[in-house]
Amino acid sequence: AMNKKKPSGPILTPTLLRAISEAAAQKGVEAYRKEVEIQRAKARDSRFQNTKLLLEKYKGLEEHSKGAVQSASQVDDDMDLEELVHIMKGYDERYEASVPSIMKSAAFTSTVVHHVQRMLDFYKRCCDVSQKPEDSRRYRVIHYLYLAEPEERKSFQQIADQEMVDISTIYKDHKLALRQLSALFFGYFE
């Protein structure tokens, strides 16, 4: 039994091979997951910006759609909003440049306004029925920043004074409300 050759180096048993390939696959999966997360974060950021932009433009769009020849009632209630998302894909000059062209399309404008209005109403209802006082405060933040008539609008500081909280709380409320509205506007739930 002395002349049996000693195996040189580790033997790749089927079990070991499987373990190695699984580890390699796992590494690949992790890299893929990371990439997906990065893309998700980017999409989240652009949706967040788009939501803010949509709220900032909302009163103007609403005014425009009221004066528009084609009333919201003539537009299919649930017209697909992919077009809006598509237009708003890149939060950059391209979007700014296309705002007038969105406004040119009366039917499209009223569809957007209609959708945003429904989601804002839904958000308000959710905030109203919530037992948490910060939820209704968050709706008020959105209301005074974007939805109130121009003469009733308030700054972050004015809202903080009115709510008797620190301005940092209002900034946090604003950010969170925009995230929630972003999910409603663009149908993406975090």
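**Helices 5, 6 and 7: how they pack**

The axes of helix 5 and helix 7 cross at roughly 90 degrees and come within 9 Å of each other. That crossing makes helix 5 roughly perpendicular to helix 7. Keep in mind that this is a predicted model.

**Helix 5 against helix 7**
- On the helix 5 side, the contact uses Arg137, Arg138, Val141, Ile142, Leu145 and Tyr146. They meet a set of helix 7 residues that includes Thr169, Asp173, His174, Ala177 and Leu181.
- Sorted by class, the residues of this contact are nine nonpolar, two polar and three charged.

**Helix 5 by itself**
- With 15 residues at 1.5 Å a residue, helix 5 should span 21 Å, and its end C-alpha atoms sit 20 Å apart, so the two values agree.
- Its buried residues include Asp135, Arg137 and Arg138, along with Tyr139, Val141 and Ile142.

**Helix 6 against helix 7**
- Helix 6 (residues 156-163) and helix 7 (residues 167-186) have axes that come within 8 Å and cross at roughly 110 degrees. This pair therefore counts as roughly perpendicular too.
- Phe156, Gln157, Ile159, Ala160 and Glu163 from helix 6 meet Ile167, Ile170, Tyr171 and His174 from helix 7.
- That contact has six nonpolar, two polar and one charged residues.

**The nonpolar core**
- The largest nonpolar core has 30 residues, and Leu55, Leu120, Ile142, Leu147, Leu181 and Phe185 touch the most other members.
- Helix 1 (14-67), helix 4 (106-129), helix 5 (133-147), helix 6 and helix 7 each put in at least two residues.
- Beyond its neighbours within four places in sequence, Ile142 is in contact with Leu55, Leu147, His174, Ala177, Leu178 and Leu181.

Note on methods
Residues are numbered from 1 along each chain as its sequence is written. This is a predicted model: local features need pLDDT of at least 70, side-chain atom pairs count only at pLDDT 80 or more; totals for chains, interfaces and linings use all residues. Side-chain values use heavy atoms; hydrogens and water are left out. Axes are lines fitted to C-alpha atoms, for helices over the stretch in contact, and angles run from 0 to 180 degrees between N-to-C directions. Helices (H or I, at least four residues) and strands (E, at least two) are DSSP runs, numbered from the N terminus. Angles under 35 degrees count as roughly parallel, over 145 as roughly antiparallel, 65 to 115 as roughly perpendicular and the rest as oblique. Contact means heavy atoms within 4.5 Å. Ala, Val, Leu, Ile, Met, Phe, Trp, Tyr, Cys and Pro count as nonpolar, Asp, Glu, Lys and Arg as charged, and the others, Gly among them, as polar. A nonpolar core is a set of buried Ala, Val, Leu, Ile, Met, Phe, Trp, Tyr and Cys residues joined through side-chain atoms within 4.5 Å. Buried means under 20% relative accessible area, exposed over 50%, partly exposed in between (1.4 Å probe, protein chains only). The expected span of a helix is 1.5 Å times one less than its number of residues.
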